[in-house]
Amino acid sequence: MKSFVKEVAIITAQENNPNNYIRIKLRQGLQVRFGNGMIQSFPKQFGNHRFEIIPAVFAHPKDFTSGVTEVMSYTMPNGINIQYDGIKAVKINIDNYSGPSCGLCGNGDGIFNEYDFQKGYNLDGKYCEGVQVPGPKYGLASSKQEFVNSWLHMKILTKECVELCDFAPS
C-alpha cells in the first residue's frame with residue numbers, strides 16, 4: 001500500500017483584512033491555486049505571498065520522495081515556508097518566523113517537550129464523532145494518538161473515513 005498527498009490546503013488571513021481569508025492549494029504536479037485562480041508561471045509574488053519552484057534540498061534522507069529534484073516553495077507573509085514535492089512529502093520551515101505557534105507546528109520555543117502537543121479543534125466529536133477527544137482546545141494532549149485525533153478534520157470522503165467519523169456529506 002502506498003500513500004500520497006493529494007494537495008496541501010492552506011487558509012490564511014488577508015494582510016489588510018484579517019476577517020477575510022485566502023485559500024491556497026499546493027497540488028500534485030507542482031500546481032498552485034491561489035484564491036480562485038491557478039498560478040501559471042513561477043516565481044510569482046502576490047503581496048507578501050511568494051511562490052517558486054526550487055531545488056529539493058535533502059537535509060534528511062526522508063525529506064522528499066526519492067528522485068525528486070524540484071519542489072514547490074510557498075513563503076507566507078509571516079516568513080513560514082512550506083515546501084511540497086508534488087507527490088507525498090511536505091516540509092514546513094519556521095526558521096524565519098518569530099511569532100507564536102502551536103499545534104502541528106509545535107510552540108516554536110526550540111525545546112521538544114509536551115508543550116509541543118497542544119490539542120486542535122476536533123474536540124468532543126466536533127468534526128469527527130467517531131474520534132472523540134476531550135477538551136479544552138489547545139490543552140495538552142495526553143498521548144500522540146489524542147494529539148493526532150484532535151487535529152482531524154474530515155476532508156476525504158472514503159467509505160472508511162465516513163464510517164469512522166459518522167459523517168454524512170451534504
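## Close-up views of a predicted model

**View 1. Leu-30 is a buried residue.** With a relative accessibility of 17%, Leu-30 counts as buried, because buried means under 20% relative accessible area, exposed means over 50%, and partly exposed lies in between (1.4 Å probe, protein chains only). This is a predicted model, in which local features need pLDDT of at least 70 and side-chain atom pairs count only at pLDDT 80 or more, while totals for chains, interfaces and linings use all residues. Residues are numbered from 1 along each chain as its sequence is written, and side-chain values use heavy atoms, with hydrogens and water left out. Where does Leu-30 sit? Look for Leu-30 in the loop between β2 and β3; helices (H or I, at least four residues) and strands (E, at least two) are DSSP runs, numbered from the N terminus. The phi of Leu-30 is near 60°, which is a positive value in a residue other than glycine.

**View 2. Strands β2 and β3 run antiparallel.** Strand β2 covers residues 21-27 and strand β3 covers residues 31-34. How many bridges join them? There are four bridges between β2 and β3; two strands pair if DSSP finds at least two bridges between them. To find your way along the pairing, start at Leu-26, which stands opposite Val-32 in β3. The loop between these two strands is also the home of Leu-30 from the previous view.

**View 3. Four strands make an open sheet.** Follow the strands across the sheet and you meet them in the order β1-β2-β3-β4, with antiparallel pairing. Which strands stand at the edges? They are β1 (7-13) and β4 (37-39), and each of them pairs on one side only.

**View 4. A second open sheet has five strands.** Here the order is β5-β6-β7-β8-β9, and the pairing is antiparallel. The edges belong to β5 (44-46) and β9, each with a single partner strand, so one side of each is left without a neighbour in the sheet. In general, the strands of a sheet pair through backbone hydrogen bonds, either parallel or antiparallel.

**View 5. Strands β8 and β9 form a hairpin.** Strand β8 (residues 81-84) pairs with β9 in the antiparallel sense, over four bridges. Two places help you trace the pairing: Ile-82 stands opposite Ile-92 in β9, and Gln-83 has Lys-91 as its bridge partner in β9. Five residues lie between the strands of this hairpin, where Gly-86 takes a positive phi near 80°. Val-90 also belongs to strand β9; with a relative accessible area of 38%, Val-90 is partly exposed.

**View 6. Four aromatic residues gather in one cluster.** The members of this cluster are Phe-34, Phe-46, Phe-51 and Tyr-74. The structure holds five aromatic pairs. One of them is Phe-46 with Phe-51, an edge-to-face pair with 6.4 Å from centre to centre and 70° between the planes. Rings of Phe, Tyr and Trp (its six-membered ring) pair if their centres lie within 6.5 Å, and planes under 30 degrees apart count as stacked, over 60 as edge-to-face and the rest as tilted. Is Phe-51 buried or exposed? Phe-51 is buried, with a relative accessible area of 0%, whereas Phe-46 counts as partly exposed at 32% relative accessibility.

**View 7. Phe-117 and Phe-147 pair edge-to-face.** These two rings form an aromatic pair with centres 5.1 Å apart and planes at 85° to each other. Which parts of the chain does the pair link? Phe-117 lies in the loop between β9 (90-93) and α1 (144-150), while Phe-147 belongs to helix α1, so to speak a meeting of distant parts, 30 residues apart. Phe-147 is buried, with a relative accessible area of 10%, and Phe-117 counts as partly exposed, at 21% relative accessibility.

**View 8. Two prolines follow cis peptide bonds.** In the loop between β4 and β5 you can find Pro-43. The peptide bond that leads from Phe-42 to Pro-43 is cis, with omega near 0°. Now turn to Pro-136, found in the loop between β9 and α1. What is the form of the peptide bond from Gly-135 to Pro-136? That bond is cis too, with omega near 5°.
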